[in-house]
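Trainee: Could we go through this model together, one question at a time, and reason from the structure to each answer?

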Amino acid sequence: MAAPMDCLESLEGESSAGCRASGVEVALPSDPAAPAPLCPHGPTLLFVKVSRGKEETRKFYACSACRDRKDCNFFQWEDEKLSEARLVAREIHNQRCQPPLSRTQCIERYLSYIQLPLTQRKFCRSCQQLLLPADWKEHGEHQLSADISITQLGRPSQLLYPLENKKTHAQYLFADRSCQFLAGLLATLGFRRVLCVGAPRYSQFYLEESFCRYNMFNHHFFDGKAALEVCKAFLQEEEGKGVIMVTDPPFGGLVEPLAVTFKKLIAMWKEGQSQDDNHKELPIFWIFPYFFESRICQFFPSFCMLDYQVDYDNHALYKHGKTGRKQSPVRIFTNIPPNKIILPSEEGYRFCSLCQRYVSRENQHCVHCNSCTSKDGRKWSHCFLCKKCVKPSWIHCNTCNHCALPDHSCSGPKDGCFICGELDHKRSNCPNIGTSRRANKAVRKQKQRKRTKIRRKALKDNP
């Protein structure tokens, strides 16, 4: 799954050029034991809007999965008290937003479907649904496919149309080239089982031991403890040997909640490990744009980014073979040693004996950095003032004292910590965050006293 290119370009610029002045961050609740309110997508997340040089604003709960209020309009202040009537109305709304068929019904329909003769197995392309004979009349005017084989049922992505809502679903499918590479690589590395995190709308194609409806942004199993136990049993089978997690999250999603979720899945896998293997990690392939590298490695220091460019069939811009900035920005982040992963030489990848990993053709080894430094497939240049390699389109700015695009704004806000301005950490990890919060609290109290004083004076002047 991917985000539209305009979103990716803005994220890349934000990450590299230092133009960010405000944003929304995941926040810790005042009472960690209190359960988060629920929206149709499960437990919500607590957010706070932060702006450089301004005090922290009021915290609020919002949907963990949808970034657009049009897709899920849930909003609640952290300290907001709701009436019993509103809570009941919210529960009714959440139930109405669930899929028309429960997981149990999907399984029952699938078992009935595979028992049908080939000539009676139909699929409604208009409704994206497997049809039983009792459904035919209702779908008589729709676009149908017939003679659906068991092989086709095992490849639901070839039956389903990708959803077009880029902000919420963004279902761009791997190109055959990337699929074949990933499948071959998993087999070469000896993995026998794959936990795919992020395979929406497949509920009607799999039985209970092979599929769980799950929200990767809040570790929520929609079918409760039974589904959680299915996932746990899959991860812990054979003491966790031979399994890998492969995830392709929506690129508009926040890294922090994804990382929290993945760590919970890792902990679930570790529960099945013997004492001797407790030091091992669950192998992971996390497919995400290269400019999130620092954020991902912040949460998973053992991860490295492969040079392999992942491309998508149904996206005009994420195509293999393009050059310059038009190349796919999507990479694979993994905790598997990179020297064990062979990238295809016929696509231009080569082995760097100094880095002990495969790199793209244009990724040249820098003797000053002692690394093949390119992230985007182009040849990068070493800046001796910055003491690192930078993109070929960047130049060193003496005013900003770092490299940036030629047309950047020197007076614009710089990237880094919102509290102290340092570039080596984010606001959430700032050692001065406690002092900042106390100062912000004092400022809020002062503003409140001033407003109260103004109201009292107004009442006195207008009795």
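Trainee: Which exposed residues does the face of H6 turned away from its buried side carry?
Mentor: Bear in mind throughout that this is a predicted model. The buried residues of helix H6 are Ala227, Cys231 and Leu235, and because they cover an arc of only 75 degrees around the axis, they lie on the same side of H6. On the face turned away from that buried side, the exposed residues are Lys225 and Ala226.

Trainee: How far does H6 reach from its first C-alpha to its last?
Mentor: Helix H6 runs over residues 224-236 and has 13 residues, for which 18 Å is expected at 1.5 Å a residue. Just after H6, glutamate 238 takes a positive phi of about 55 degrees. The reach of H6 itself is close to the expected value, at 19 Å.

Trainee: What covers the buried residues of H6?
Mentor: The cover includes three strands and a helix, the strands being S10 (193-197), S12 (220-221) and S13 (243-247). Two of these strands, S10 and S13, pair with each other in the parallel sense over 5 bridges. The helix that belongs to the cover is H7.

Trainee: Which residue in S13 stands opposite valine 197?
Mentor: Strand S10 has a covered face, made of Arg193, Leu195 and Val197, and an uncovered one with Val194 and Cys196. Valine 197 therefore belongs to the covered face under the cited assignment. Its opposite number in S13 is threonine 247.

Trainee: Which helix gives the largest share of the largest nonpolar core?
Mentor: That core has 64 residues, and those with the most contacts inside it are Phe285, Trp286, Phe288 and Ile332. The largest share of the core amounts to 8 residues, and it comes from the helix spanning residues 255-270, namely H7.

Trainee: Is phenylalanine 285 buried or exposed?
Mentor: Phenylalanine 285 lies in strand S14, residues 284-289, and its C-alpha is 4.9 Å from that of threonine 334, although the two are 49 residues apart in sequence. Its relative accessible area is 0%, and since buried means under 20%, phenylalanine 285 is buried.

Trainee: Which proline residues are among those that phenylalanine 288 touches?
Mentor: Phenylalanine 288 is one of the residues with the most contacts inside the largest core. Not counting residues up to four places away in sequence, it touches residues including Phe251, Val255, Leu258, Ile296 and Phe333. The prolines among its contacts are Pro249, Pro250 and Pro329.

Trainee: Which strands stand at the edges of the open sheet of 3 strands with the order S8-S7-S9?
Mentor: The pairing in this sheet is antiparallel, and 2 bridges join S7 (residues 122-124) to S9. An edge strand has a single partner strand, so one side of it is left without a neighbour in the sheet, and this applies to S8 (129-131) and S9 (144-145).

Trainee: What angle does the direction of helix H3 make with that of S8?
Mentor: Helix H3, residues 103-114, packs on this sheet and touches S7 and S8. The angle between the directions of H3 and S8 is about 50 degrees.

Trainee: In S9, which residue is the bridge partner of phenylalanine 123?
Mentor: Phe123 also belongs to a second, separate core of 13 residues, which includes Leu130, Leu132 and Leu159. Its bridge partner in S9 is serine 145.

Notes. Residues are numbered from 1 along each chain as its sequence is written. This is a predicted model: local features need pLDDT of at least 70, side-chain atom pairs count only at pLDDT 80 or more; totals for chains, interfaces and linings use all residues. Side-chain values use heavy atoms; hydrogens and water are left out. Two strands pair if DSSP finds at least two bridges between them. Helices (H or I, at least four residues) and strands (E, at least two) are DSSP runs, numbered from the N terminus. Contact means heavy atoms within 4.5 Å. Axes are lines fitted to C-alpha atoms, for helices over the stretch in contact, and angles run from 0 to 180 degrees between N-to-C directions. Buried means under 20% relative accessible area, exposed over 50%, partly exposed in between (1.4 Å probe, protein chains only). A nonpolar core is a set of buried Ala, Val, Leu, Ile, Met, Phe, Trp, Tyr and Cys residues joined through side-chain atoms within 4.5 Å. The expected span of a helix is 1.5 Å times one less than its number of residues. The arc is that of the directions from the helix axis to the C-beta atoms.
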